[in-house]
Amino acid sequence: MLAALAAVALLLSVALGYVQRAVGDDEQFANRATATLRDDAVRAIVAEQLTDQLVLRQQADLIAARPLIESVMGGVVGSRAFTSLFRAAVRDLHRSLVEGDAGTVTLTVADVGTVAAAALERLRPDLARLLEATGRVEVVNRDLGTAAAALGDISDDAWALALALLVAALILATAALLLAPDRRRTVVVLGIATAVVGVLLVVALSIGRSIA
């Protein structure tokens with residue numbers, strides 16, 4: 001029973017440690033958000049949203065050129081320049097979520113107009129000049145309600161709880177060995193329990209990624 005409890009504590013400790021690293025760390029959070037840009041469907045949605053924002057800023061001059069701008073933005077979203085801007089914006093968003101108390105999430109990317117203008121310079125210099133004047137562009141604006149505050153709580157509490165559970169797992173495993181009439185058998189049981197924990201974590205991670 002002590003070996004089983006040690007395995008459960010270890011499972012929860014590693015899971016909470018992963019959650020804290022994935023959600024609480026701004027670099028990891030930004031890396032995962034940026035990785036979604038590798039997906040064609042995500043790039044198409046982001047390009048459409050950016051085009052809408054750019055056109056709305058200069059509607060009288062750009063509305064007729066919207067198809068061309070959206071086509072160019074599809075290539076811009078996959079570029080290294082945009083990826084760098086997007087990563088920085090997501091890091092700022094993460095800090096506002098973790099440190100702030102607002103329920104509204106706004107992802108704003110800087111200098112999108114400049115990047116789009118560089119891509120359009122040879123095709124349509126006149127459009128490029130208009131786009132270059134555009135500053136920050138809003139990609140996402142959502143009201144998360146209490147979920148935003150929950151992210152900050154997870155960041156604060158998950159790491160401490162993960163460490164406490166790891167210590168508990170070590171104590172339980174040690175107690176199991178000290179109290180066991182057959183320590184060799186107990187070591188085998190602990191090894192099997194640890195292997196089961198590893199398999200469960202891999203399965204959970206695969207399911208979580210699929211859902212995400």
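Start your tour by selecting Glu 27, which is partly exposed because its relative accessibility is 36%, a value between the 20% and 50% cut-offs. Keep in mind as you look around that this is a predicted model.

**Stop 1: a bridge between two helices**

With Glu 27 still selected, add Arg 91 and show both side chains. They meet in a salt bridge, with 3.7 Å from N to O. Now colour the two helices: Glu 27 sits in helix H2 (residues 26-35), while Arg 91 belongs to helix H6 (residues 80-99). The two residues are 64 residues apart, so this pair links distant parts of the chain, as the helix assignments show. Side chains of opposite charge can pair when their charged atoms come close.

**Stop 2: a bridge inside one helix**

How many salt bridges does a search of the whole structure find? There are 2. For another one, select Arg 43 and Asp 40, whose side chains meet at 2.2 Å, N to O. Both lie in helix H3 (residues 40-57), 3 residues apart, or about one turn of the helix. Compare their surroundings: Arg 43 is partly exposed, at 21% relative accessible area, whereas Asp 40 is exposed, at 54%.

**Stop 3: where H1 crosses H2**

Next, show helix H1 (residues 2-24) together with H2. Their axes come within 5 Å and cross at roughly 75°, which means that H1 is roughly perpendicular to H2. To see the contact itself, select Tyr 18, Arg 21, Ala 22, Val 23 and Gly 24 on the H1 side, then Asp 26, Gln 28, Phe 29 and Arg 32 on the H2 side. By class, this contact has 4 nonpolar, 2 polar and 3 charged residues.

**Stop 4: Ser 13**

Stay on H1 and pick Ser 13, which is found in this helix. Is Ser 13 buried or exposed? It counts as buried, because its relative accessibility is 7%, and buried means under 20%. Leaving out residues up to four places away in sequence, Ser 13 touches Ala 162, Leu 165 and Leu 166.

**Stop 5: the nonpolar core**

Finish inside the protein. The largest nonpolar core has 34 residues, and Leu 50, Met 73 and Phe 82 have the most contacts inside it. Among the elements that each supply at least two of its residues are H2, H3, strand E1 (104-109) and strand E2 (137-143). H6 gives the most, with 7 residues.

For a last view, centre on Phe 82. Its contacts, not counting residues up to four places away in sequence, are Leu 37, Val 46, Leu 50, Val 76, Val 77, Val 109 and Val 112.

How values were computed:
Residues are numbered from 1 along each chain as its sequence is written. This is a predicted model: local features need pLDDT of at least 70, side-chain atom pairs count only at pLDDT 80 or more; totals for chains, interfaces and linings use all residues. Side-chain values use heavy atoms; hydrogens and water are left out. A salt bridge is a side-chain nitrogen of Lys or Arg within 4 Å of a carboxyl oxygen of Asp or Glu. Helices (H or I, at least four residues) and strands (E, at least two) are DSSP runs, numbered from the N terminus. Buried means under 20% relative accessible area, exposed over 50%, partly exposed in between (1.4 Å probe, protein chains only). A nonpolar core is a set of buried Ala, Val, Leu, Ile, Met, Phe, Trp, Tyr and Cys residues joined through side-chain atoms within 4.5 Å. Contact means heavy atoms within 4.5 Å. Axes are lines fitted to C-alpha atoms, for helices over the stretch in contact, and angles run from 0 to 180 degrees between N-to-C directions. Angles under 35 degrees count as roughly parallel, over 145 as roughly antiparallel, 65 to 115 as roughly perpendicular and the rest as oblique. Ala, Val, Leu, Ile, Met, Phe, Trp, Tyr, Cys and Pro count as nonpolar, Asp, Glu, Lys and Arg as charged, and the others, Gly among them, as polar.
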